[in-house]
Amino acid sequence: MDPGFEADFRAFVIDRSGALFRTAYLLTGDRHAAEDLVQSALAKTAAKWRGLRDPASIEGYVRRVMYHEQVSWWRRRSRVAEVPTGWLPDQIGGEHAEMVDLRVVMRTALARLTPRQRTMLVLRYFEDLSETEIARLLGLRVGSVRSQIYRSLERLKKAAPELSTVREFG
């Protein structure tokens with residue numbers, strides 16, 4: 001990779017790695033697997049970097065690579081034969097059950113939001129776009145985006161008050 005392309009690639013990784021990790025985490029459900037998935041996708045992207053001409057399509061390419069890598073991993077894993085053992089696994093702890101309950105509450109609360117409110121929350125907190133970027137993307141004023149996000153969060157708090165006490169979710 002020549003120095004010009006390497007600098008561009010490095011800037012892309014620094015700028016978008018947080019958002020890519022969140023997407024990978026949503027695909028895998030595991031932090032360590034998400035890190036591996038992002039690294040694998042970025043390695044494949046680095047190999048193709050010179051051919052990726054449109055800067056707007058680069059992130060889409062990386063996300064598509066992550067998706068295909070995850071599906072391939074899942075398919076390989078599903079072919080592994082399960083072997084019965086002479087012992088039963090430990091019971092799932094209460095902490096896990098509480099997290100499952102919180103996930104159900106969160107999904108139910110999110111389902112009560114309007115599509116526009118869900119869109120604002122996804123773009124802001126899962127895609128890590130700034131309010132200015134969201135406004136530009138959706139053709140709205142920044143103030144409208146801020147008020148939609150505020151209303152969405154307030155509606156979530158009312159729909160599921162137990163979520164307001166949780167600091168880290170999932």
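The largest nonpolar core of this predicted model holds 18 residues. A nonpolar core is a set of buried Ala, Val, Leu, Ile, Met, Phe, Trp, Tyr and Cys residues joined through side-chain atoms within 4.5 Å. Buried means under 20% relative accessible area, exposed over 50%, and partly exposed in between, with a 1.4 Å probe and protein chains only. Phe 12, Leu 20, Leu 42 and Met 66 have the most contacts inside this core. Helix H1 (3-28), helix H2 (31-48) and helix H3 (55-78) each supply at least two of its residues. H2 gives the most, with 6 residues. Apart from this core lies another, of 12 residues. Leu 113, Leu 129, Leu 156 and Ala 160 are among its members. In soluble globular proteins, nonpolar side chains tend to be buried together.

The model is predicted, so local features need pLDDT of at least 70 and side-chain atom pairs count only at pLDDT 80 or more, whereas totals for chains, interfaces and linings use all residues. Residues are numbered from 1 along each chain as its sequence is written, and side-chain values use heavy atoms, with hydrogens and water left out.

Met 66 touches Leu 20, Thr 23, Ala 24, Leu 27, Leu 37, Val 38 and Ala 41, with residues up to four places away in sequence not counted. Contact means heavy atoms within 4.5 Å. Thr 23 is placed in helix H1. Thr 23 is buried, at a relative accessible area of 15%. Beyond its neighbours within four places in sequence, Thr 23 contacts Arg 63, Met 66 and Glu 127.

The chain contains 7 helices and 0 strands. Along the sequence, the pattern reads α-α-α-α-α-α-α. Helices (H or I, at least four residues) and strands (E, at least two) are DSSP runs, numbered from the N terminus. Of the 170 residues, 25% count as buried. The exposed surface is about 12200 Å², and carbon and sulfur atoms supply 55% of it. Accessible areas come from the Shrake-Rupley method with a 1.4 Å probe; for residues, only the protein chains shown count as cover. Among contacts with a separation of 6 or more, 64% join residues 24 or more positions apart.

Leu 121 is found in helix H5 (residues 115-126). Leu 121 is buried, with a relative accessible area of 7%. Leu 121 touches Leu 110, Leu 113, Phe 126, Ile 149, Ser 152, Leu 153 and Leu 156, residues up to four places away in sequence aside. Leu 121 and Ser 152 lie 31 residues apart along the chain, yet their C-alpha atoms are separated by 7.4 Å.

The axes of H5 and H7 come within 9 Å and cross at roughly 105 degrees. Axes are lines fitted to C-alpha atoms, for helices over the stretch in contact, and angles run from 0 to 180 degrees between N-to-C directions. H5 and H7 are therefore roughly perpendicular to each other. Angles under 35 degrees count as roughly parallel, over 145 as roughly antiparallel, 65 to 115 as roughly perpendicular and the rest as oblique. On the H5 side, the contact includes Met 120, Leu 121 and Tyr 125. On the H7 side, Ile 149, Ser 152 and Leu 156 are among the participants.

The axes of helix H6 (residues 131-138) and helix H7 (residues 142-159) come within 8 Å and cross at roughly 110 degrees. H6 is therefore roughly perpendicular to H7. Glu 131, Thr 132, Ile 134 and Ala 135 of H6 meet Val 142, Val 145, Arg 146 and Ile 149 of H7.
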